[in-house]
Amino acid sequence: MLNKPDDDSESVDTITRIVAVSNRLPIKLERVKEEWRIRAGGGGLVTAMAPVLRNRGGIWIGWSGTTEEVDWRDLLGDTSSEIGYDLHTVTLTRQELEGFYEGFSNDVIWPMFHDLQTRCKFAPDYWYHYLNVNGKFSDAVEKHSVESDFIWVHDYHLIHLAQMLRMRNVKRRTGFFLHIPFPSVDIFLKMPWRAQILQAMTEYDLIGFQTLHDRRNFIQCLQFFIPNVSISGRGAVVTAQMGDRSFRIGSFPISIDYETFARDAATPEVLSHISWLQRSMFSQNIALGVDRLDYTKGLPERLHAFGNALERYPELRKKLTLIQVVVPSRISMVEYQALKAEVEQLVGEINGKFTRDGWIPIHYLFRNLDRNELLAYYRAARIGLVTPLKDGMNLVSKEYCTCNIEEEGVLILSEFAGSASQFHKYALLVNPHDIEGTADAIYEAYKMPLEEKKYRMHQLREIVKRNDIYKWVDDYLQAALSKQLNDFPSLDEYVPQIDVDFRIKVDKGK
Ligand code: ADQ
């Protein structure tokens, strides 16, 4: 059993509810003419956390995704009761959004933590907005939670939340999980607010990282900046002691709901999508990329590699088609608009050069897919191309393997994706900056004997199955509270899966 933390917050025995806090709620609000529509939110955090919180009577606090005035209580009330946990919004002004979200979160921490420090814009104003908005989130946590809650803070937007709670003397058990990588000391040193950020991270009772590599980087930064810190313990979770305060630091590779993905990929609806896909494609060999629009995902590098493979291995022409799905993201930011233009230009160039007799080498989709469509692509693709320049984990790599139920696909995976720490033996690992090396891997995957493909894919699927999202949450809660998810009472009513995915759910004339 864990000791009580050094402050006098609640003993872990009495903690019965999870309060998740993240920048965005797991929903997207869209205005369609005079109506507000609630849709499922996108991205890895939502994919991972939605099945965990479902029907547990907990709380999710986050920003709604709009700066417009909306009657939240009315709109979210129905949704909360249907998904089995409460949603509470933090409202942000346009100015706060620019400074905190687009500014500090996405123009400083995001590039810095992905080793792309030359993309950082260290504007002092961003920092003050970041602190202010973290303050707003801590107000919401204070208002909506009680001392017997476990406050589980997600991701880099809210690093200062535990510190703000402590400063206001709000006693809560807190945990933090960083969904993105943590950089090495050499890179982290460049951050103007490095000491404050590190200090704020130490205010949580548990800090979770995706991989041992990220955890090691963090510990090295701690040791560099805080000389009196001592680390003890072995295994995935260790304890840090700083003066009379201690906290835990762990590595918890995030995952997906394996059973649900595998089951849903086997439905007749998905199969009929696949038949349609195969009828409408010139070639049956599909290589697939699925990514949010982001410069960390290595999209131009991947397109260059595919073009290079067609150039150097002519037998791939008319035989292998790349479907590249790009999910719109952060499109209000100039860098993202530029990236979109670059991707579209490259697709045009490669298609212009290699299109022949009805065969188009790259099919490019810039939109959100519905779930069956996405699963059909995963199941049908003979090659999964997951080549980020750097990624905390990358759930697409796990979804692809899980849904590839015929086990005839090959995963080509960047060595800089967090999932490479689990998949390195059975995927074809590539350095995404190495265009020819990645092109060679595409050719190797195409030529790979069926038996070898089946063996590798089977092993990959077993890894995801053994390490699914429920293991992740259990491991985290075990380290934080010596509890597992099942120790949190679940609500009696049955909550259908479809509601959690929030396909268009609530239409209100507002
Ligand atoms: P992301 O950067 O968003 O997540 P990722 O882990 O790949 O990246 O998750 C993307 C999610 O979006 C997947 O669950 C996928 O199914 C979904 N998605 C992708 N394309 C879609 C489409 N066209 N339509 C609908 N849904 C789509 C961040 C970190 C990652 C980390 C996760 C979770 O950057 O490194 O793995 O959080 O911790």
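1. Helices (H or I, at least four residues) and strands (E, at least two) are DSSP runs, numbered from the N terminus. With that convention, N169 sits in the loop between α5 and β7 (173-177). Its phi is near 60 degrees, a positive value in a residue other than glycine. N169 is exposed, with a relative accessible area of 57%; exposed means over 50% relative accessible area, buried under 20%, and partly exposed in between (1.4 Å probe, protein chains only).

2. Basis of the note. This is a predicted model, in which local features need pLDDT of at least 70 and side-chain atom pairs count only at pLDDT 80 or more, while totals for chains, interfaces and linings use all residues. Residues are numbered from 1 along each chain as its sequence is written, and side-chain values use heavy atoms, with hydrogens and water left out.

3. Overall form. The protein has 19 helices and 18 strands. Its radius of gyration is 23 Å, close to the 24 Å that the globule rule gives for 510 residues, so the protein is as compact as a globular protein of that length. The radius is taken over C-alpha atoms, and the rule is 2.2 Å times the number of residues to the power 0.38. Along the principal axes, the C-alpha trace spans about 70 × 55 × 45 Å. Of the 510 residues, 59% count as buried.

4. Ligand shell. The ligand has 25 residues around it. A residue is near a molecule if one of its heavy atoms lies within 4 Å of it. T47, H179, D391, L395 and E399 come nearest. By type, the shell divides into 12 nonpolar, 8 polar and 5 charged residues. Here Ala, Val, Leu, Ile, Met, Phe, Trp, Tyr, Cys and Pro count as nonpolar, Asp, Glu, Lys and Arg as charged, and the others, Gly among them, as polar.

5. Domains at the site. Domain 1 (12-255 + 469-505) and domain 2 (258-466) each give at least three residues to the shell around the ligand. The bounds come from an automatic or database domain assignment.

6. Polar contacts to the ligand. A polar contact is a pair of N or O atoms within 3.5 Å; within protein, one must be able to donate a hydrogen and the other to accept it, and residues adjacent in sequence count only if both atoms are side-chain atoms. R292 places a polar side-chain atom 2.9 Å from an oxygen atom of the ligand. From G392, a polar backbone atom is 3.0 Å from a ligand oxygen. For L395, a backbone N or O atom lies 2.8 Å from an oxygen atom of the ligand. The protein covers 91% of the 720 Å² of accessible area that the ligand has on its own, by the Shrake-Rupley method with a 1.4 Å probe. Elements giving two or more residues to the shell are α1 (44-53), β12 (285-292), β13 (320-327), α13 (371-380) and α14 (395-403).

7. D155. This residue is found in the loop between β6 (149-154) and α5 (161-167). Phi of D155 is near 80 degrees, a positive value in a residue other than glycine. D155 is buried, with a relative accessible area of 7%.

8. S255. It belongs to the loop between β11 (245-251) and α9 (258-265). S255 is buried, at 0% relative accessible area. A polar atom of its side chain lies 2.7 Å from the backbone oxygen of N467.

9. C120. The loop between α3 (94-113) and α4 (124-144) holds C120. C120 is buried, with a relative accessible area of 12%. Its C-alpha atom is separated by 23 Å from that of T93, 27 residues apart along the chain.
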